[in-house]
Amino acid sequence: MAYWLFKSEPSTWSWDQQVAKGDAGEEWDGVRNYQARNFMRQMGLGDRGFFYHSQKDKAIVGIVEVCAEAHPDSTTDDERWECVDIKAVRPFGSHVTLDQIKADERLAEMVLVKNSRLSVQPVTEAEWRVICALGETQAD
């Protein structure tokens, strides 16, 4: 299993909207960055990810799971763009803020700290476990 982070502005797509989609999940569409697209191409069914509210909140609020591998993005006719589908797994007991992440030496090399603008990014297993502990949720 690989681990990822998916960033969304809550005014565009929120955790509550993701949860409302249930087990069917939803396309992680609209990504127009080649590196983020390439990360989605690497994702497999069952991979887990953090759902991160960007902009005002700047916090990881829950865990999602990849429920459909990379396929054409339905929001464009441009063949270059693909996306995965994700479904909500569970919320965090307490949100893990960007400030908390930046303050934790164990997370100093995390992509979120080094390249906070990337909307889809990998997370190492060690980072996954640290953040799950901070968010008071199971790391599975």
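The following dialogue examines how several descriptions of this predicted model are justified.

Colleague: What makes the overall dimensions those of a compact globule?

Modeller: A compact globule of 140 residues would have a radius of gyration near 14 Å, and the protein has 14 Å, so the value agrees with that expectation. The C-alpha atoms fill a box of roughly 40 × 30 × 30 Å along the principal axes. Of the 140 residues, 49% are buried.

Colleague: Which pattern do the helices and strands follow along the sequence?

Modeller: The protein has 5 helices and 6 strands, and their pattern along the sequence is β-α-β-α-β-β-β-α-α-β-α. Among contacts between residues at least 6 apart in sequence, 69% join residues at least 24 apart.

Colleague: What is the strand order of the sheet, and how are the strands paired?

Modeller: The sheet is open, its 6 strands stand in the order E2-E5-E4-E3-E1-E6, and the pairing is mixed.

Colleague: Why are strand E2 and strand E6 said to stand at the edges?

Modeller: Strand E2 (26–27) and strand E6 (120–123) each have a single partner strand, so one side of each is left without a neighbour in the sheet.

Colleague: How do you know that strand E3 and strand E4 are paired?

Modeller: Pairing requires at least two bridges. Strand E3 (residues 48–53) and strand E4 (residues 59–72) are joined by 6 bridges, and the two strands run antiparallel; by the cut-off of at least two, they therefore count as paired. Within this pairing, Tyr52 stands opposite Ile60 in E4.

Colleague: What makes the backbone of Gln55 and Lys58 worth noting?

Modeller: Most residues other than glycine have a negative phi. Gln55, however, has a positive phi, near 70°, and Lys58 has a positive phi near 50°. Gln55 lies in the loop between E3 and E4, and Lys58 is likewise placed in the loop between E3 and E4. A further positive phi, near 55°, belongs to Glu136, which follows H5.

Colleague: Why is Gln55 called partly exposed, and why is Lys58?

Modeller: The class lies between the limits of 20% and 50% relative accessible area. Gln55 has 45% relative accessibility, so it counts as partly exposed. Lys58, with a relative accessible area of 41%, is therefore partly exposed as well.

Colleague: Where is Thr97 placed, and why is Thr97 called partly exposed?

Modeller: Thr97 is in strand E5. Its relative accessible area is 27%, so Thr97 falls in the partly exposed class.

Colleague: How do you know that Thr97 is in contact with residues remote from it in sequence?

Modeller: Contact means heavy atoms within 4.5 Å. With residues up to four places away in sequence not counted, Thr97 touches Lys58 and Ala59. The C-alpha atoms of Thr97 and Tyr52 are separated by 9.1 Å, although these residues are 45 places apart along the chain.

Colleague: Which residues of helix H5 are buried, and what do they pack against?

Modeller: In helix H5 (residues 125–134), the buried residues are Glu127, Trp128, Val130, Ile131 and Cys132; to be called buried, a residue must have under 20% relative accessible area. The buried residues of H5 pack against strand E1 (3–8), E3, E4, strand E5 (82–97), helix H3 (98–103) and E6.

Colleague: What can be said of the surface and the charges?

Modeller: The protein exposes about 7100 Å², of which carbon and sulfur atoms supply 45%. There are 16 positive and 24 negative charges, and their mean positions are 4 Å apart.

Key. Residues are numbered from 1 along each chain as its sequence is written. This is a predicted model: local features need pLDDT of at least 70, side-chain atom pairs count only at pLDDT 80 or more; totals for chains, interfaces and linings use all residues. Side-chain values use heavy atoms; hydrogens and water are left out. Helices (H or I, at least four residues) and strands (E, at least two) are DSSP runs, numbered from the N terminus. The radius of gyration is taken over C-alpha atoms; the globule rule is 2.2 Å times the number of residues to the power 0.38. Buried means under 20% relative accessible area, exposed over 50%, partly exposed in between (1.4 Å probe, protein chains only). Accessible areas come from the Shrake-Rupley method with a 1.4 Å probe; for residues, only the protein chains shown count as cover. Lys and Arg count as positive and Asp and Glu as negative; His and the chain ends are not counted. The place of a charge is taken as NZ of Lys, CZ of Arg, CG of Asp or CD of Glu.
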